[in-house]
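Trainee: I am new to this structure and would like a close look at a single part, the surface near the DNA strand. Please then place that part in its surroundings.

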Protein chains: 2
Amino acid sequence: MIISQTAEYALRAAACIAVHGDSGPVRAKDLSIEATIPQTYLSKILRKLVEAELLIATKGHNGGFTLARNAKKIWIIDILNAVEPQMTPRQCIFGWRACNSKKPCLLHHRWAEVRNSFDHWIKSTSLEDIKLDAKKVSWLTNFQKPE
Amino acid sequence: MIISQTAEYALRAAACIAVHGDSGPVRAKDLSIEATIPQTYLSKILRKLVEAELLIATKGHNGGFTLARNAKKIWIIDILNAVEPQMTPRQCIFGWRACNSKKPCLLHHRWAEVRNSFDHWIKSTSLEDIKLDAKKVSWLTNFQKPE
DNA sequence: ATCTTAATAGATACATTTGTCTATAGATTT
DNA sequence: AAATCTATAGACAAATGTATCTATTAAGAT
């Protein structure tokens with residue numbers, strides 16, 4: 001619903017790295033614990049984020065993952081695109097590919113509002129926003145308490 | 001992404017029945033063709049809609065499916081709930097169950113806008129809205145041309 | 001050089017979603 | 001009553017998403 005489990009993991013991992021990646025690379029193992037993501041599965045997701053050039057991986061001692069560029073320049077849509085094949089928020093709620101404003105489906109105009117809201121959100125929300133919010137609270141990411 | 005394939009099928013089927021169900025029951029076979037949904041799979045989805053008391057099924061000659069109540073009283077959320085186990089639009093984009101306004105995640109407030117938009121949409125959009133839109137256009141549902 | 005650390009890669013396994021096949025039950029028409 | 005129509009039910013199959021295991025590669029520390 002809305003996004004896949006994998007996409008959710010990717011967001012959690014990216015958020016963690018953004019929040020405390022300034023002091024050096026974050027290890028997959030630590031991410032796995034903090035964000036409660038199965039470790040080996042997480043590694044695969046991180047790999048995708050590296051291939052999408054959102055993260056940089058460094059091996060060996062003191063290795064781990066860091067953001068590949070300024071947090072301001074990494075948007076939610078980048079992360080979703082890296083892990084979900086056909087991410088671009090669905091044009092048509094009925095799944096009709098040819099649906100557009102010229103030839104709309106029966107819910108096109110009504111659905112457009114929600115779609116645009118989501119569309120704008122993933123394009124305008126960055127990891128920097130997450131970092132800013134993290135400064136406002138005493139605890140950090142909270143993922144370790146999934147209850 | 002956003003909704004499952006099954007949910008998409010359910011919406012398409014329900015829309016078709018709403019649009020031309022006034023003149024009598026709509027057969028699964030016809031729905032299958034018009035909405036391009038695998039027939040036997042569609043039957044299972046329709047069964048769920050019947051069990052959720054959104055549709056009424058009649059067997060035998062001239063049988064098929066009709067809306068169980070006035071189209072004004074069947075909302076998108078009803079259809080989604082019937083086919084998706086945990087439908088209620090995700091409170092937290094990170095999937096953190098304990099996330100709420102008192103103890104928000106790092107994206108809680110930003111995500112709330114989109115979530116509320118979607119939430120409101122599925123609760124306020126009814127099959128009647130689809131019927132009304134259908135009257136405005138010459139063609140009906142268009143699902144038969146999925147390209 | 002050797003050891004340790006941590007990412008990478010590939011094979012495999014499990015779960016869920018999606019889709020198919022076949023037989024049965026119930027209703028209408030003749 | 002028989003034939004036809006259409007939904008229902010359950011077993012089965014395929015595809016995809018999620019998760020695990022193990023060996024390898026690359027880098028830093030000693």
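Mentor: The surface near DNA strand C is made up of 7 nonpolar, 13 polar and 5 charged residues. This is a predicted model. In it, 25 residues surround DNA strand C, and the closest are A:A57, B:Q5, B:T6, B:P38 and B:G60. Several elements each supply at least two residues of this surface: α2 (28-34), α3 and β2 (64-67) from chain A, and α1 (5-20) and α3 (39-51) from chain B. The most comes from α3(A), which gives 5 residues.

The helix α3 (39-51) of chain A also has a part away from the DNA surface description: along with α1 (5-20) and α5 (108-124) of chain A, it is included in what covers the buried residues of α4(A). Those buried residues, in helix α4 (residues 76-83) of chain A, are A:I76, A:I79, A:L80, A:A82 and A:V83. Seen down the axis of α4(A), they fall within an arc of 160 degrees, so they line one face of the helix. The general background is that an α-helix has 3.6 residues a turn, so residues three or four places apart point the same way.

As for the chain around these helices, chain A has 6 helices and 2 strands, in the order α-α-α-β-β-α-α-α along the sequence. Of its 147 residues, 39% count as buried. Among contacts in chain A between residues at least 6 apart in sequence, 65% join residues at least 24 apart. Taken along the principal axes, the C-alpha atoms of chain A fill a box of roughly 55 × 30 × 30 Å.

Terms used
Residues numbered from 1 in each chain as written. Chains lettered and ligands numbered in written order. Predicted model: local features only at pLDDT ≥ 70, side-chain atom pairs only at ≥ 80, totals over all residues. Buried ≥ 20, exposed ≤ 12 C-beta atoms within 10 Å, placed from the backbone. Helix = DSSP H or I, 4+ residues; strand = E, 2+ residues; numbered from the N terminus. Arc of directions from axis to C-beta. Contact = placed C-beta atoms within 7 Å. Near = placed C-beta within 6 Å. Nonpolar A, V, L, I, M, F, W, Y, C, P; charged D, E, K, R; others polar.
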